[in-house]
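Colleague: Got a minute to go through this model with me? I'd like to start at the ligand and then move to the rings.

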Amino acid sequence: MNSANKSQPLKDPYNRRIDYLRISITDKCNLKCIYCTPSEGIKYFQEKEVLTDDEILRFVRIARKHGLRKVRITGGEPLVRNSIVKLVSSIKGIGIRDLSLTTNGILLSKLAGELKRAGLDRVNISLDSMDPDKYRAITKGGDINLVWQSIKDAEKAGLSPVKINVVPIRGVNDDEISSFAALTFEKNYHIRFIEFMPATCNGIWKKDKCVSSAEAMEKISALGELERLRFRGRGPSRNYRIKGASGVIGFISPMSDHFCGHCSRLRLTADGKIRPCLFSNIKIDIKTPMRNGATDEEIEKLFFQAVKVKPQRHQLNEDITTAAHLKAMSKIGG
Ligand code: SAM
């Protein structure tokens, strides 16, 4: 066992162990989901603004020395980055125990086997409707058949359990909550209902469009008794199984029941800023120092600083206007 494997996670001032990094490897996306993309469109980072593979790996290596155990690769759409397979393999090679990826599934089918062999453990696939026309409308052009194929291929490749992320929005797809939950009778999928957050200022978010986890749960309970599962760990999802089902239903409730007390994560944006909380404006630039010749000790200090200034909790439910500074989730990394 090398010293990295023995390293203990850092604790923030609120005694939370910080051992999870979400890395947005690109802000580019091949879909334009209505709840994620600003109405004026996205001005993508120029290529030179985006962290290179070596810069990402250098940061992961430094964080690993201080107890980083879990990495999720996200975006934008992570699978549009050409080096994705190599990057997965290199991140795993640093000794990251739990390596996962969030994708819209459009490009996953062909890559699932390669990603698994490269060391990817699991995938979350975003799918907000099972109706092909509605899916196309929500994603502004996505082909749902590609996503279903990817779900099958991810399962076949052993990227399991396959988790399906659903953001229920009132009047858009809330009529499908039970149908998504019912998939768990047939398949060992984890269906995760994520409360709709005001993550981008395109006017689509309204408080009454957000379907709370409690409301979703009530609809689902018509399908059968919901048994609480205790493998929540320190993650944000509250997990249940409908009696007799094989899959799992998870509720992620940033709006109705913030889970900040359990938050163990930092985010790294595609342009090299550490964000200790999705809903705070705090950003710590690591790219400029790296490109100006900073030593590992200097980058390490920036990592420590990010842990130290991590807010105790987000203020979204009390002060919705805090969302005004937010960029699209696709810019920060959902
Ligand atoms: N392109 C990938 C995908 O579609 O999964 C990864 C990036 S996407 C920003 C990551 C996750 O953020 C998706 O599951 C998406 O549903 C979620 N997301 C985006 N905007 C959201 C919002 N306003 N509220 C809740 N979840 C959101």
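Modeller: The ligand site comes up here, then the aromatic pairs.

Colleague: What kind of model is this?

Modeller: It is a predicted model.

Colleague: OK. Which residues come nearest to the ligand?

Modeller: Y35, G76, S126, N165 and M197. They belong to a set of 19 residues around the ligand.

Colleague: How does that shell split by class?

Modeller: It has 8 nonpolar, 9 polar and 2 charged residues.

Colleague: Which ligand atom does the side chain of Y35 approach, and at what distance?

Modeller: An oxygen atom of the ligand. An N or O atom in the Y35 side chain is 2.9 Å from that oxygen.

Colleague: And G76, what part of that residue is involved?

Modeller: The backbone. A polar backbone atom of G76 is 2.9 Å from a nitrogen atom of the ligand.

Colleague: What about E77?

Modeller: E77 uses its side chain. One polar atom there lies 3.0 Å from a ligand nitrogen.

Colleague: How much of the ligand's accessible area does the protein cover?

Modeller: 96%. On its own, the ligand has 550 Å² of accessible area.

Colleague: Switching topic. How many aromatic pairs are there?

Modeller: The count comes to 6.

Colleague: Take F59 and F303. Why is that pair called edge-to-face?

Modeller: The planes are at 85°, and anything over 60 degrees counts as edge-to-face. The ring centres are 5.8 Å apart.

Colleague: Where do those two sit in the chain?

Modeller: F59 is in helix 2, residues 53-65. F303 is in helix 10, residues 296-308. The two are 244 residues apart, so the pair links distant parts of the chain.

Colleague: Are F59 and F303 buried or exposed?

Modeller: F59 is at 0% relative accessibility, so F59 counts as buried. F303 is at 3% and is buried too. The cut-off for buried is under 20%.

Colleague: How are the rings of F196 and W205 arranged?

Modeller: Their planes are at 55°, so the pair is tilted. The centres are 6.5 Å apart.

Colleague: Buried or exposed, those two?

Modeller: F196 counts as buried, at 1% relative accessibility. W205 counts as buried at 13%.

Colleague: Which residues make up the cluster with F196 and W205?

Modeller: Ring pairs link Y35, F196 and W205. So back to the ligand: Y35 is also among the residues that come nearest to it.

Colleague: Last one. Where is K70 relative to Y20?

Modeller: K70 lies over the face of the Y20 ring, 4.5 Å from the ring centre.

Terms used:
Residues are numbered from 1 along each chain as its sequence is written. This is a predicted model: local features need pLDDT of at least 70, side-chain atom pairs count only at pLDDT 80 or more; totals for chains, interfaces and linings use all residues. Side-chain values use heavy atoms; hydrogens and water are left out. A residue is near a molecule or strand if one of its heavy atoms lies within 4 Å of it. A polar contact is a pair of N or O atoms within 3.5 Å; within protein, one must be able to donate a hydrogen and the other to accept it, and residues adjacent in sequence count only if both atoms are side-chain atoms. Accessible areas come from the Shrake-Rupley method with a 1.4 Å probe; for residues, only the protein chains shown count as cover. Ala, Val, Leu, Ile, Met, Phe, Trp, Tyr, Cys and Pro count as nonpolar, Asp, Glu, Lys and Arg as charged, and the others, Gly among them, as polar. Rings of Phe, Tyr and Trp (its six-membered ring) pair if their centres lie within 6.5 Å; planes under 30 degrees apart count as stacked, over 60 as edge-to-face and the rest as tilted. Helices (H or I, at least four residues) and strands (E, at least two) are DSSP runs, numbered from the N terminus. Buried means under 20% relative accessible area, exposed over 50%, partly exposed in between (1.4 Å probe, protein chains only). A charge sits over a ring if NZ of Lys or CZ of Arg is within 6 Å of the ring centre and within 35 degrees of the ring normal.
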